[in-house]
Amino acid sequence: MNIPAEHTVPQAASYLKVGEETVRRNIRSKLLKALRRGTQWFIPHDVLVVFANSYDPKTGQVRKML
C-alpha cells in the first residue's frame, strides 16, 4: 500500500470521514497543521494520523494529546 507523504483537503476529509469544510475550519483554527502552496492546503501524513487519533468527528472536539 502506497501512503502519500501529504494529503489534500479532499483526501484528508475522506480519511477523517468529515466534510471538506470541516477540515478547512480546523486548519483555519490552527487545530490541524497544514502547508499552503498556491491556493491548496497540504496536510503531512503523520500530522493527519495524530489529529485523527485525537479528533472526534461526531462532536468536533479535539482531545489533548500527552
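These are my notes on a nonpolar core, one helix face and two loops in a predicted model.

**Core**

I began with the largest nonpolar core and counted 12 residues in it. The members are Val-9, Ala-12, Ala-13, Leu-16, Val-18, Val-23, Ile-27, Leu-32, Ile-43, Leu-48, Phe-51 and Tyr-55. I then asked which elements give two or more residues to this core. They are H1, H2 and H3. H1 gives the most, with four residues.

I looked up the contacts of one core member, Ile-27, leaving aside neighbours within four places in sequence. Ile-27 is in contact with Val-9, Leu-32, Ala-34, Trp-41 and Ile-43. Of these partners, Val-9, Leu-32 and Ile-43 are listed in the core as well.

**Helix H3**

Next I took helix H3, residues 45-54, and noted which of its residues are buried: Leu-48, Phe-51 and Ser-54. Seen down the axis of H3, these buried residues fall within an arc of 130°, so they line one face of the helix. I also checked what covers them. The cover includes H1 and H2, together with strands E1 (6-8), E3 (40-44), E4 (55-56) and E5 (61-62). Leu-48 and Phe-51 are also members of the largest nonpolar core.

**Loop between H1 and H2**

I moved to the loop between helix H1 (9-16) and helix H2 (20-28), where Val-18 sits. Is Val-18 buried or exposed? Its relative accessible area is 17%, and because buried means under 20%, Val-18 counts as buried. Not counting residues up to four places away in sequence, Val-18 touches Ala-13, Val-23, Tyr-55 and Pro-57. Ala-13, Val-23 and Tyr-55 appear with Val-18 in the core list. I also looked up the separation of Val-18 and Ala-52, which lie 34 residues apart along the chain; their C-alpha atoms are separated by 11 Å.

Lys-17 is found in this loop too. I noted a relative accessibility of 72% for Lys-17, which therefore counts as exposed, the threshold being over 50%. Phi of Lys-17 is near 60°, a positive value in a residue other than glycine.

**Loop between H2 and E2**

I then asked where Lys-30 is placed. Lys-30 lies in the loop between H2 and strand E2 (35-37). Its phi is also positive, about 65°, although Lys-30 is not a glycine. With a relative accessible area of 71%, Lys-30 is exposed.

Methods
Residues numbered from 1 in each chain as written. Predicted model: local features only at pLDDT ≥ 70, side-chain atom pairs only at ≥ 80, totals over all residues. Heavy atoms only, no water. Buried < 20%, exposed > 50% of the residue type's maximum accessible area, 1.4 Å probe, protein only. Contact = heavy atoms within 4.5 Å. Arc of directions from axis to C-beta. Core = buried A, V, L, I, M, F, W, Y, C linked by side-chain atoms within 4.5 Å.
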